[in-house]
Amino acid sequence: MALQALLFDVDGTLADTERDGHRVAFNQAFAEAGLDWDWSVDSYGQLLSVTGGKERIRYYLEHFNTGFKRPDAIDEFIIGLHQSKTRHYTNLLDTGAIPLRTGVVRLLKEARIAGLRLAIVTTTTPANVSALLKNTLGEKGESWFEVIAAGDIVPAKKPAADIYDYAMHEMQLSAEHCFALEDSANGIKSSLAAKLKTMITINDYTRTHDFSGAAIVLDCFGEPDQAFKVIGGDAGDKMYVDIELIKILHERV
Ligand code: XBP
Ligand code: MG
């Protein structure tokens, strides 16, 4: 089946947003609300087992900070905290603090030249995607992607298949014409459940995750002068991810 579209995860895949972006913004929101909660670099790794910021705050209260006296209107409390977190996160991106990962811009440009259709498939809030793309690819960055499937658009976030299914439905494409690019166990569970061949580029929070079923696992996309490391799978004689490698992986049974 001919490859027609690339479906990109955002957090951890397009950019290393978690440790120095989302985590920092959560802590800023907590401080602003007068809470003494502090999500350290290490503890945030555990909290990442739950996708979605609101879901992550709830998980923290249920499993890590069980002594906190919760307000009666807990849902509104979490929504308010999360809105503040989104404001801090997008402000942080506006400072240019988070660049795209190695090889991302080149790969996106090559995909556009090759006529591949592009989509974003993420659990993060839509405003976060807009801010990242605008601040890294420029004002027109978002328009490179035909569909931006993000946040609460589906109720069941990754690892459920729903957000990938939604994106493919919007594009009127079936899974065999698409290829997913992910960085985490929850991400690949979601893409595999949607029957998508999936490439993984790991990061510090995900390097020990289980990536069974991945088409290949790499440390990054690489550049012509900066080879990737193959962690699992067969990249042939390729040193960096290009459209040809993705097509080979897509066709491989
Ligand atoms: C990303 C996430 C998101 C962000 C926070 O996972 O888990 O929850 O950490 O985003 P993935 P919000 O890369 O698998 O999509 O706070 O906007 O929900
Ligand atoms: Mg991710």
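**Exercise 1. State the spacing that the donors of the magnesium ion (ligand 2) follow along the chain, then place the donors in the fold.**

Step 1. In this predicted model, the donors of the magnesium ion (ligand 2) follow the spacing D-x1-D-x171-D along the chain.

Step 2. Locate two of the residues. Asp9 sits in the loop between S1 and helix H1 (18–32), while Asp183 sits in the loop between S4 and helix H8 (185–193), so the pair ties together parts that are 174 residues apart in sequence.

Step 3. Name the coordinating atoms. Asp9 (OD), Asp11 (O) and Asp183 (OD) coordinate the magnesium ion (ligand 2), at 2.1 Å.

**Exercise 2. Decide whether Asp9 and Asp183 are buried or exposed.**

Step 1. The cut-off for buried is under 20% relative accessible area.

Step 2. Asp9 has a relative accessible area of 4%, so Asp9 is buried.

Step 3. For Asp183 the relative accessibility is 5%, and Asp183 therefore counts as buried too.

**Exercise 3. Describe the strands that pair with S1 and the directions in which the residues of S1 point.**

Step 1. Take strand S2 (residues 117–121): four bridges link S2 with S1 in the parallel sense. Within this pair, Ala5 is opposite Arg117.

Step 2. Take strand S4 (residues 178–182): S4 runs parallel to S1, and four bridges join them. Here the residue opposite Ala5 is Cys178.

Step 3. Sort the residues of strand S1 (residues 5–8) by direction. Ala5 and Leu7 point one way, Leu6 and Phe8 point the other way, and all are buried.

Notes
Residues are numbered from 1 along each chain as its sequence is written. Chains are lettered from A and ligands numbered from 1 in the order in which they are written. This is a predicted model: local features need pLDDT of at least 70, side-chain atom pairs count only at pLDDT 80 or more; totals for chains, interfaces and linings use all residues. Side-chain values use heavy atoms; hydrogens and water are left out. Buried means under 20% relative accessible area, exposed over 50%, partly exposed in between (1.4 Å probe, protein chains only). Helices (H or I, at least four residues) and strands (E, at least two) are DSSP runs, numbered from the N terminus. Two strands pair if DSSP finds at least two bridges between them. Donors are N, O and S atoms within 2.8 Å of the metal (3.2 Å for Na, K and Ca); water is not among the atoms, so sites may look incomplete.
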